[in-house]
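The following report considers how selected helices pack against one another and then turns to a pocket.

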Amino acid sequence: MKILHIFFNKREKEKRDIIEQTILEKYNQYYRVAYSYTHNDADACDIVQNGAYRALRGSSSLRKTEYASTWVYRIMLNECFRHMKRPQNLSYEYIKDAMKREPFYMEDKSENLDIRRALDSLSEQDKAVIVLRFFEDMKLEEIADILGENLSTIKSRLYRSIKKLRSVLDENT
């Protein structure tokens, strides 16, 4: 019985180490995804911190270590969704900070504002597909794994979202 206990402890430590390494290697990617939802540095950092904590705490539930990256991405997206459902505190400081914020993915501020508004018009799931595909440069198969959906569903969301983004951007011009 003791040998079995030692084996499981060793296996759990291996999983935890793999998840920790994955988080360290992809921290900036997780941050960018979180920032694309929050548009706030502090909130994006909180999301990644909470996601890392949840991933490490739940490391024993990871079934296959080769999917650690996908598994952690899913946790980070769930943290983004959780954060978006919380009521926002619209204090003066929050609004002032929002006015000064520098977006991370575009140089032209006016174009960036239009894209940000267009992205914010999408549902959380559709926005996740767009962000992972175009800002994180992931393949559709990877996105399907991360979101736990069929590849055909991801393709449909991608094309529907692109169409909606185009129409929103056309309205702004």
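In this predicted model, the axes of α7 and helix α8, the latter spanning residues 140–147, come within 10 Å and cross at roughly 140°. That angle makes α7 oblique to α8, and the crossing of the two is right-handed. On the α7 side the contact is formed by Ala128, Val129, Leu132 and Arg133, which meet Leu140, Ile143, Ile146 and Leu147 of α8. Sorted by class, the contact of α7 with α8 comprises 7 nonpolar residues and 1 charged residue, with no polar residues.

Helix α7, covering residues 124–135, also packs with helix α2, which covers residues 27–38, and here the angle is about 135° with the axes 11 Å apart. The helices α2 and α7 are therefore oblique to each other, and α2 passes α7 in a right-handed crossing. From α2, the residues Val33, Ser36 and Tyr37 take part, and they meet Glu124, Lys127, Ala128, Val131 and Leu132 of α7. By class, the contact of α2 with α7 holds 5 nonpolar residues, 1 polar residue and 2 charged residues. Ala128 and Leu132 of α7 thus appear in the contact with α2 and again in the contact with α8.

A further pair is made up of helix α3, residues 41–57, and helix α4, residues 68–85, whose axes come within 9 Å and cross at roughly 130°. These helices, α3 and α4, are therefore oblique to each other, with α3 passing α4 in a right-handed crossing. The residues of α3 in this contact are Asp43, Ile47, Val48, Asn50, Gly51, Ala52, Arg54 and Ala55, while α4 contributes Trp71, Val72, Ile75, Met76, Glu79, Cys80, Arg82 and His83. The contact of α3 with α4 divides into 9 nonpolar, 3 polar and 4 charged residues.

The geometry of the three pairs is set out below.

| Helix pair | Angle between axes | Axis distance |
|---|---|---|
| α7 and α8 | roughly 140° | within 10 Å |
| α2 and α7 | about 135° | 11 Å apart |
| α3 and α4 | roughly 130° | within 9 Å |

Which residues line the second largest pocket? The lining consists of Ser61, Leu62, Arg63, Lys64, Tyr67, Thr70, Trp71 and Asp145, and the space in this second largest pocket is about 210 Å³. By class, the lining of the second largest pocket divides into 3 nonpolar, 2 polar and 3 charged residues. Trp71, listed among these lining residues, is also one of the α4 residues in the contact with α3.

Definitions and conventions
Residues numbered from 1 in each chain as written. Predicted model: local features only at pLDDT ≥ 70, side-chain atom pairs only at ≥ 80, totals over all residues. Heavy atoms only, no water. Axes fitted to C-alpha atoms, helices over the stretch in contact; angles between N-to-C directions. Helix = DSSP H or I, 4+ residues; strand = E, 2+ residues; numbered from the N terminus. Parallel < 35°, antiparallel > 145°, perpendicular 65-115°, else oblique. Left-handed = near helix turned anticlockwise from the far one by under 90°. Contact = heavy atoms within 4.5 Å. Nonpolar A, V, L, I, M, F, W, Y, C, P; charged D, E, K, R; others polar. 1 Å grid on protein atoms, 1.4 Å probe; cavity = no way out; pocket = protein on both sides within 12 Å on 5 of 7 lines; lining within 4 Å. Points joined across faces, edges and corners; volume = space filled by probe spheres on them.
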